[in-house]
Amino acid sequence: MDAGRAEPTMPVAAVARRLGVAPSTLRTWDRRYGLGPGRHTDGKHRRYGAADIARLELMQRALLRGASTAEAARYCLDQLPKSAPPPAELPAGPEPAPAATGLSGSTMARRLRTAALAMDAYAVQRTLAEAVADSGVLAAWDGVIEPVLAALGAGWRGTRAGPEVEYLLAECVLGALVRATPVLDSPRNQRPVLLSPVPGRRGALPLYALAASLADRHIATQLLGRSPTPEVLSTTVRRSVPAAVVLYACDGDAADVVLFADDPRGRARRRMFAWGPGWRRTPLPAQVELLADLRGAVERLEYVLLGQ
């Protein structure tokens with residue numbers, strides 16, 4: 001903005017009319033949550049600039065989507081902090097990646113949580129894209145995505161988080177992981193790693209994170225996103241001849257070791273792995289190895305397949 005030109009501002013009454021709220025509401029938001037004008041002005045009347053109004057409009061959208069007043073206030077201050085320039089001066093593309101802004105994994109996780117609670121799909125997608133672009137899928141999963149998913153599964157106390165938040169977050173995470181998984185021109189492994197949830201599970205986001213993390217290391221996978229029947233799983237293993245099979249199970253899933261039965265037709269030898277909390281209390285056959293967390297699974301599979 002030209003330093004010689006003053007930024008256009010609006011009084012409290014005009015902003016209240018624009019938003020359709022009472023002037024006393026704006027004063028309350030200012031007093032309780034710090035959502036008043038970003039700069040002090042001379043005289044008794046405080047005036048709102050473009051960035052202040054954009055912040056309040058974002059707050060209002062979050063409220064309309066079901067967030068509490070405190071949640072909405074934290075959300076809009078996180079998305080449009082008072083130190084940020086007015087929207088007219090911001091670039092049209094995404095915000096700078098966390099490496100440029102100095103955002104830690106915990107800060108990104110809070111941003112993701114707040115955006116999900118506000119049912120703001122664009123902010124959720126943008127936060128996920130920034131986390132992945134900054135540090136890769138593996139670190140983004142460990143430091144941002146998995147902690148938020150785990151907290152949602154445990155229930156966020158003091159919030160209005162319902163099934164709709166879980167659906168929104170899961171779909172956005174799935175999209176981010178799929179976008180982060182390239183089609184490899186020259187994979188390092190000749191035969192793929194077959195990744196599948198156990199029968200009865202609708203899907204497993206950790207498997208998408210594993211596929212993307214292995215792709216970062218140029219290891220090709222074949223992912224069954226939808227839970228197959230035992231017959232489909234057996235036929236897929238027989239026909240695709242994978243170098244390794246990873247079956248993911250959550251608590252309560254039908255984690256049956258029969259699923260690891262060897263192909264009796266003498267096909268190429270493959271390694272078999274169980275992954276996920278659903279296998280921890282299941283005695284596994286000697287030929288089946290239990291994988292740890294995502295990072296441990298990636299490193300172990302790379303070592304088994306390629307000796308690295």
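Q: What relative accessible area does a residue need to count as buried?
A: A residue counts as buried when its relative accessible area is under 20%. Exposed means over 50%, and partly exposed lies in between. With that in hand, let us look at this predicted model.

Q: Why is Ser213 called buried?
A: Ser213 has a relative accessible area of 4%, and buried means under 20%. Ser213 therefore falls in the buried class. The residue is found in helix 9. Leaving aside neighbours within four places in sequence, Ser213 is in contact with Val137, Leu138, Leu294 and Val298.

Q: How much of the protein chain counts as buried?
A: Of its 308 residues, 42% do. The chain's secondary structure comes to 11 helices and seven strands.

Q: What share of contacts in the protein chain between residues at least 6 apart in sequence join residues at least 24 apart?
A: That share is 71%. One residue that touches partners across the sequence is our next stop, Leu112.

Q: What makes Leu112 buried?
A: Its relative accessible area is 0%, and the cut-off for buried is under 20%, so Leu112 belongs in that class. Leu112 lies in helix 6, which covers residues 105–117. Not counting residues up to four places away in sequence, Leu112 touches Val124, Thr127, Leu128, Val144, Ile145, Val148 and Leu169. One of these partners, Val144, sits 32 residues apart from Leu112 along the chain, and their C-alpha atoms are separated by 7.7 Å.

Q: How do you know that Arg126 is buried?
A: The relative accessible area of Arg126 is 15%. Since buried means under 20%, Arg126 is buried. You will find Arg126 in helix 7, residues 121–154.

Q: What makes the pairing of Arg126 and Gln79 a polar contact?
A: The side chains of Arg126 and Gln79 are joined at 2.3 Å. A polar contact needs N or O atoms within 3.5 Å, with one able to donate a hydrogen and the other to accept it, so this pair qualifies.

Q: Is Ser135, with its relative accessible area of 40%, in the class buried, partly exposed or exposed, and why?
A: Ser135 is partly exposed, because its 40% lies between the 20% limit for buried and the 50% limit for exposed. Ser135 is found in helix 7, and its side chain reaches the backbone oxygen of Ala131 at 3.2 Å. The C-alpha atoms of Ser135 and Gly105, 30 residues apart along the chain, are separated by 9.5 Å.

Q: What makes helix 8 roughly parallel to helix 9?
A: Helix 8 (residues 163–179) and helix 9 (residues 205–216) pack at an angle of about 20°, with their axes 9 Å apart. Angles under 35 degrees count as roughly parallel, so helix 8 and helix 9 earn that description. Their crossing is left-handed. The contact is made by Ala170, Val173, Leu174, Leu177 and Val178 of helix 8, together with Leu205, Tyr208, Ala209 and Ala212 of helix 9. By class, the contact has nine nonpolar residues, with no polar and no charged ones.

Q: Why is helix 4 called oblique to helix 6?
A: The axes of helix 4 (residues 69–79) and helix 6 come within 9 Å and cross at roughly 125°. Roughly perpendicular runs from 65 to 115 degrees and roughly antiparallel starts over 145, so the pair is oblique. This crossing, too, is left-handed. Glu71, Arg74, Tyr75, Asp78 and Gln79 in helix 4 meet Arg111, Thr114, Ala115 and Leu117 in helix 6. By class, that contact has three nonpolar, two polar and four charged residues.

Q: What is notable about the phi of Met119?
A: Phi of Met119 is near 55°, a positive value in a residue other than glycine. Most residues other than glycine have a negative phi. Met119 has its place in the loop between helix 6 and helix 7. At a relative accessible area of 24%, Met119 lies past the 20% limit for buried but not over 50%, so Met119 is partly exposed.

Q: Where does Val241 lie, and why is Val241 called partly exposed?
A: Val241 lies in the loop between helix 10 (230–240) and strand 5 (244–248). Its relative accessibility is 22%, which is between the 20% and 50% limits, so Val241 counts as partly exposed. Val241 also has a positive phi, of about 50°, although it is not a glycine.

How values were computed
Residues numbered from 1 in each chain as written. Predicted model: local features only at pLDDT ≥ 70, side-chain atom pairs only at ≥ 80, totals over all residues. Heavy atoms only, no water. Helix = DSSP H or I, 4+ residues; strand = E, 2+ residues; numbered from the N terminus. Buried < 20%, exposed > 50% of the residue type's maximum accessible area, 1.4 Å probe, protein only. Axes fitted to C-alpha atoms, helices over the stretch in contact; angles between N-to-C directions. Left-handed = near helix turned anticlockwise from the far one by under 90°. Contact = heavy atoms within 4.5 Å. Nonpolar A, V, L, I, M, F, W, Y, C, P; charged D, E, K, R; others polar.
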